[in-house]
Amino acid sequence: MRINIAVLSGDGIGPEIVTQALNVVKTVCSVYKHDLHYESALVGAAAIDACGNPYPDATHELCLNSDAVLFGAIGSPKYDNDPSAKVRPEQGLLAMRKKLGLYANIRPVVTFPQLLHRSPLRRDLVEGADFVCIRELTGGIYFGRPQGRSEDGNTAYDTCVYTRDEIERIVRLAYKYAQDRRKQLTIVDKANVLSTSRLWRQVSQELENEYPDVKTEYMFVDNAAMQIIQYPKRFDVVVTENMFGDILTDEASVITGSLGMLPSASIGVHTSVFEPIHGSYPQAAGKDIANPLATILSAALMFDYALGLKNEAECIRKAVDKSLNEGIVTEDIAVEGKAAKTSETGEWICKQIKYLYKFS
Ligand code: IPM
Ligand code: MG
């Protein structure tokens, strides 16, 4: 099969982890005999430095014309503490989401038996946890207008907006995921306070009877924040609006034991984007110490969701599992004194993929 991907490394550790994930993609394509084409483009602070725009038109064109986008991370300390900065790297990410119509961000939360001891939560609480967060990604307070400051600068405002269509689209997608899993959907909102949340609940309630095989529950976001940590095993599919999803998924990453392990897929109208949920970790940039597994697992999601190649995805996941078993992992999850470098981890996984294929 001909596979056409755009590679957007971004900032900080982005280039290092994406290099490893791309090597994994190349290895999988070579063993499974796919015709891989890829091209890189600028995004984030790297793009601001090069051309003043965090999501340049050329990058957008490339994404539009690809089957999938492999994405690293965005963000640079250069911009973080400067509230007056006119362009910010994160705007590149938001522009990409909006322009590519990436309305659904899928973040699977699973535990790895090898890493249970890493979670700050009790083993018996997290062992076997396996749920998916589906975050609406192109609406809500991230994009609502007006947004800004009053003339005197002493008042600031953001606006949360949702339309029926936006809600229906994401809730339907969540129901489909639930139907393919354990048939349980938790719809998270703040309907006791926010009118956008009340519309979410109304639209969801209208859809509910179209999916009688799925058990639907509604939960306020503050309660959900508590339950995700206290009883992670009770969830199957969780769907929520943009900002609630942003917060709940960072929280949920704690269950896994390392932010460096969680992949994500952003499903869109024009193409889809695969990226780790962690940030650009600028302190580690260039040191060859960052954990590439979340990006490598994002590449597995790409084979699964964007390309429909289940065996290839499974092969990557098995190789990652092997690296955890053998302890060929970076310092964030390694046994003291036994850490592998980012590049060593990636190279080991590529070798493992060839091995697994040969004996499959
Ligand atoms: C995420 C990130 C982004 C977000 C930032 C970098 C704008 O936190 O993808 O979760 O808030 O959506
Ligand atoms: Mg976030």
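**The surroundings of ligand 1, and a look at Glu217**

Let me begin with ligand 1, which in this predicted model is surrounded by Glu90, Leu93, Arg97, Arg107, Arg135, Tyr142 and Asp246. If we sort the residues of that shell by character, we find five charged and two nonpolar residues, with no polar ones among them.

Where in the chain does the largest share of this shell come from? It comes from helix H5, which spans residues 89-99 and supplies three residues. As for the domains, the shell takes at least three residues from domain 1, which covers 1-101 + 269-360, and at least three from domain 2, which covers 102-268.

Turning now to individual atoms, I would point you to Tyr142, where a polar side-chain atom is placed 2.6 Å from an oxygen atom of ligand 1. For Arg97, a polar side-chain atom is 2.7 Å from an oxygen atom of the ligand, and for Asp246 the side chain has an N or O atom at 2.9 Å from an oxygen atom of ligand 1. Taken alone, the ligand would expose 320 Å², and the protein buries 75% of that.

Let me finish with a residue that I would like to treat separately, Glu217, which sits in strand S9, residues 215-220. Is Glu217 buried or exposed? Its relative accessibility is 17%, and because buried means under 20%, Glu217 counts as buried. When neighbours within four places in sequence are left aside, the residues in contact with Glu217 are Gln184, Leu185, Thr186 and Ile187, together with Arg234 and Phe235.

Conventions. Residues are numbered from 1 along each chain as its sequence is written. Chains are lettered from A and ligands numbered from 1 in the order in which they are written. This is a predicted model: local features need pLDDT of at least 70, side-chain atom pairs count only at pLDDT 80 or more; totals for chains, interfaces and linings use all residues. Side-chain values use heavy atoms; hydrogens and water are left out. Helices (H or I, at least four residues) and strands (E, at least two) are DSSP runs, numbered from the N terminus. Buried means under 20% relative accessible area, exposed over 50%, partly exposed in between (1.4 Å probe, protein chains only). Contact means heavy atoms within 4.5 Å. A residue is near a molecule or strand if one of its heavy atoms lies within 4 Å of it. A polar contact is a pair of N or O atoms within 3.5 Å; within protein, one must be able to donate a hydrogen and the other to accept it, and residues adjacent in sequence count only if both atoms are side-chain atoms. Accessible areas come from the Shrake-Rupley method with a 1.4 Å probe; for residues, only the protein chains shown count as cover. Ala, Val, Leu, Ile, Met, Phe, Trp, Tyr, Cys and Pro count as nonpolar, Asp, Glu, Lys and Arg as charged, and the others, Gly among them, as polar. Domain bounds come from an automatic or database domain assignment.
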